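Visitor: Could you take me on a close look at the aromatic rings in this structure, and at the strands that go with them? I am new to this, so please explain the terms as you use them.

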Amino acid sequence: MTQHIAIYARVSSKKQDTRSQQADLDQWIAAFAKDQPVKWYKDKFTGKTMDRPGWKRLESDMTAGKVSKVVVWRMDRLGRTASGLTALFEEFQRLGVGFESLRDKVDLSTAAGRLLANVLASVSAYENEVRSERVLAGQHAARAAGKTWGGSEKGRRLTVTDEQIATVRRMQADGESKAAMARATGLSRPTVYSILAAS
């Protein structure tokens with residue numbers, strides 16, 4: 001079976017695109033892919049879950065032995081949690097799949113690369129936790145000062161579809177922020193909070 005190099009690119013929302021990652025990845029392909037086939041896998045999905053269409057296709061191809069190496073622009077394109085990334089690195093090694101992160105300069109084919117990958121995964125997870133804590137602290141301070149977010153005119157009845165409710169609940173299960181839920185569904189944040197409170 002002819003194996004290919006898997007190039008994985010991800011952005012978090014449909015409003016973003018992968019062009020900022022693509023230039024560096026194209027340069028890597030031109031310099032290092034040589035005669036080996038290359039296949040792109042792309043997602044517009046949160047990094048808090050591995051249940052993404054593009055990633056699922058890549059995972060299936062790895063399990064089938066079709067992938068020789070996975071290349072990403074930066075390690076956080078794979079995922080956000082230290083435990084998830086560490087487990088993923090172990091899976092790469094178990095399947096005999098190479099891994100390279102261009103911006104992080106991580107290559108799992110070396111002992112130093114494996115060590116650095118685990119350190120960076122932990123740092124990335126720490127940064128995400130700090131960011132979340134900072135947002136929550138800001139929200140608490142704003143609420144204490146009497147600030148509210150959005151909302152509709154008093155007496156106006158809002159129509160919320162079953163699909164919107166299902167989307168909000170699914171995104172909550174994926175660990176998405178309330179702001180992301182509001183953007184994805186077109187609802188106000190107070191409406192999102194109301195849906196979650198009724199769950």
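Guide: Here is a walk through the ring pairs, followed by the strands. The model is a predicted one, where local features need pLDDT of at least 70 and side-chain atom pairs count only at pLDDT 80 or more, while totals for chains, interfaces and linings use all residues. Residues are numbered from 1 along each chain as its sequence is written, and side-chain values use heavy atoms, with hydrogens and water left out.

Let's start with the pairing rule: rings of Phe, Tyr and Trp (for Trp, its six-membered ring) pair if their centres lie within 6.5 Å; planes under 30 degrees apart are called stacked, those over 60 edge-to-face, and the rest tilted. The count by this rule is four aromatic pairs. One of them joins tyrosine 8 and tryptophan 55, edge-to-face, at 5.4 Å centre to centre with 75° between the planes. Tyrosine 8 belongs to strand β1 (residues 4-11) and tryptophan 55 to helix α2 (residues 53-63), so this pair ties together parts 47 residues apart in sequence. Helices (H or I, at least four residues) and strands (E, at least two) are DSSP runs, numbered from the N terminus. Both tyrosine 8 and tryptophan 55 are buried; that word means under 20% relative accessible area, with exposed being over 50% and partly exposed in between (1.4 Å probe, protein chains only).

Now compare another pair. Phenylalanine 92 and phenylalanine 99 have ring centres 5.3 Å apart and planes at 15°, so they are stacked. Phenylalanine 92 is buried, as is phenylalanine 99. Together with Phe89, Phe92 and Phe99 form one aromatic cluster.

Next come the strands. Strand β4 (residues 98-101) runs parallel to strand β3 (residues 67-72), and four bridges join them; two strands pair if DSSP finds at least two bridges between them. Glycine 98 in β4 has lysine 69 opposite. On to strand β5 (residues 106-107): two bridges join β4 to β5, and these strands run antiparallel. Glutamate 100 has aspartate 107 in β5 as its bridge partner. β4 and β5 make a hairpin with four residues between them, and in the turn lysine 105 has a positive phi of about 55°.

One last ring to visit is that of tryptophan 40: the charged end of lysine 42 sits over the ring, 5.2 Å from its centre. A charge sits over a ring if NZ of Lys or CZ of Arg is within 6 Å of the ring centre and within 35 degrees of the ring normal.
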